[in-house]
Each structure stands twice: as C-alpha cells, then as structure tokens.
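Reader: I am new to reading structures and would like a close look at one part, followed outward into its surroundings. By class, which residues make up the shell around the ligand?

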Amino acid sequence: MNANIYEIFNSVQGEGIYAGTRQVFVRFCGCQLRCEYCDTKDARHPADECRINERRIDNPLDVSVVINAINDLWTPSTRHISLTGGEPLLHHGFIKELASNISVPIYLETNAGFPKYARNVADVVDIAACDIKLPEHRSTDNYDHLLHAELETIEIFHSMDVETFVKIVVLMETTEESIKSAVSGIESIDESIPLILQPVTPTNIDIRKLLGLMDFAGAHLSDVRMIPQIHRMIRIP
Ligand code: SF4
C-alpha cells in the first residue's frame, strides 16, 4: 500500500500533553477542512515529492519506504511515531499496514472528523491527540456535523483504551459560549479526558481571558491545561 506524504522528519512534539517529547513525524497530505489558523497549508493537497531531511522522493510512498525512513531517523531519545498532516485518518488503511510492521508507539494527531476511520485504526494507535474545532475557526460549512463527528471519534478512541486527549486552539474571538458545546461534549464522554487549550501562534491573547476559559472548562472537566506551541517558540519544525 502507498500514500501521499508531505515530509518525514525527527523533531520535538510542540503541542499537548506530550510537548517536549522527541518523535519521528510522518506528515500525510490531504485534509477535508480549511481552518483559518492552519500552519500546514501546503500539506492539505497532494505533493509531487516527499521531503526526508535533504532528500526528495517521488510520491506516493510505499509502506516499506516509510518504515526505512523512520528507522533512519530514529534516535536514542525518540519515543513515538507521530502521524500528522493534513489529516492522517484519510490514510487509515496505510496506517494499519504501517503499524503492523513496526513496534514503536504510535501517536496520532487528528482533526477527529472521521469516526469510521478512527474505529479502523484504534487498535493500533497508542495515543490520540484529537482536535475539536470551534465555529470561529471557520473549518467547515457544517459545524454541527463536524462537532458531532469529533466527539464520536474521541469516544471511540477513549472507549478502546487509546490514551486520548483533546486540543482546542483558542483565537482572539474565542469565548466561553464558543467552547461550551465542546466542553459539555467531552464531559458527557468522560470528565477526566484531558483538555488542552492552545493559544493560537503567534498570540497576543490576554492571559486573563485564557485563565477565564480554563476556569470555565475546569468547572466541568478535571484536567484542563493551557499549553502554547513550544516548537514555534524555539523555532524548530
Ligand atoms: S485540520 Fe489541521 S491540516 Fe486541516 S486545515 Fe485544519 S489545521 Fe490545517
């Protein structure tokens, strides 16, 4: 099986509860959404070539080529393969085959919009970092449908014992009202699922506002954290 992949590289995870962890990133091409804050716009469309350090390899890439690249990029402090994008779940069949040929933990970064595909890979994923988009992200024309799909995906991963956490990107326009449905949706699955509020980068959002959003969510959920993108602070990919 093969897939269109934008780049494969080794770096430090900059988001969520594993921020600071060394990972090999496999960035897949393609995404069904169009978030206003997207910082990987080039990976939303098919790429002619995949970048692996200084090398360029014609797309699509066979699973064996990706496994070789992961092995070449692995270092003693590396802990996971991060499947990212774009939207990696568009390549769920490829992910299944990749996972069955590799023994290191798999960390999935997903917009969570495809519950059917999530169910297909849940038995091979170790950690699921699931986004919940907000109306002000302008990711889709049908926000209610997307939110419903995201919550279903989170429930699937959580119920199948995948370590699952949720990330919400906070914009200047974000309010308690705009995160309310997401917070109550997570609470209805399990109030102990960690929620990361991630201020958009670069940010000049007032810290009092961020603390207020934390308290609003914290009244319903037991593990709410505010974590900015650390990889952007230290200027690494
Ligand atoms: S889901 Fe991710 S890759 Fe897709 S548009 Fe939004 S930020 Fe970009």
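Author: The shell around the ligand in this predicted model has 4 nonpolar, 5 polar and 3 charged residues; for this count Ala, Val, Leu, Ile, Met, Phe, Trp, Tyr, Cys and Pro are nonpolar, Asp, Glu, Lys and Arg are charged, and the others, Gly among them, are polar. A residue belongs to the shell if its C-beta atom, placed from the backbone, lies within 6 Å of the ligand. The nonpolar part consists of Cys 31, Leu 33, Cys 35 and Cys 38, while the charged part is Arg 34, Arg 44 and Glu 87. The polar part is made up of Thr 40, Gly 85, Gly 86, Asn 111 and Ser 139. Residues are numbered from 1 along each chain as its sequence is written. Local features need a pLDDT of at least 70 and side-chain atom pairs count only at pLDDT 80 or more, whereas totals for chains, interfaces and linings use all residues.

Two residues of this shell, Gly 85 and Gly 86, deserve a second look, for the peptide bond from Gly 85 to Gly 86 is cis, with omega near 15°. Most peptide bonds are trans. Gly 86 lies in the loop that runs between strand 7 (78–84) and helix 2 (92–100), where helices (H or I, at least four residues) and strands (E, at least two) are DSSP runs numbered from the N terminus.

Strand 7 leads us from the ligand into the sheet, which is open and formed by 10 strands in the order 5-4-2-3-7-8-9-10-11-12. Strand 7 thus stands between strand 3 and strand 8 in that order, and the pairing across the sheet is mixed, two strands being paired if DSSP finds at least two bridges between them. The edges are strand 5 (55–58) and strand 12 (224–226), each of which pairs on one side only.

If we follow the order to the edge at strand 5, we find that strand 4 (residues 49–52) pairs with strand 5 in the antiparallel sense, over 4 bridges. Within this pairing, Ile 52 stands opposite Arg 55 of strand 5, and Arg 51 has Arg 56 as its bridge partner in strand 5. The hairpin that these two strands make has 2 residues between the strands, and Asn 53 is placed in the loop there. Although Asn 53 is not a glycine, its phi is positive, at about 55°. Most residues other than glycine have a negative phi.

Past the other end of strand 5, the chain reaches another cis peptide bond, which joins Asn 59 and Pro 60 with an omega of about 0°. Pro 60 is found in the loop between strand 5 and strand 6 (61–62).

Stepping back to the whole protein, we can set these parts among its 7 helices and 12 strands, whose C-alpha atoms fill a box of roughly 45 × 35 × 35 Å, taken along the principal axes.
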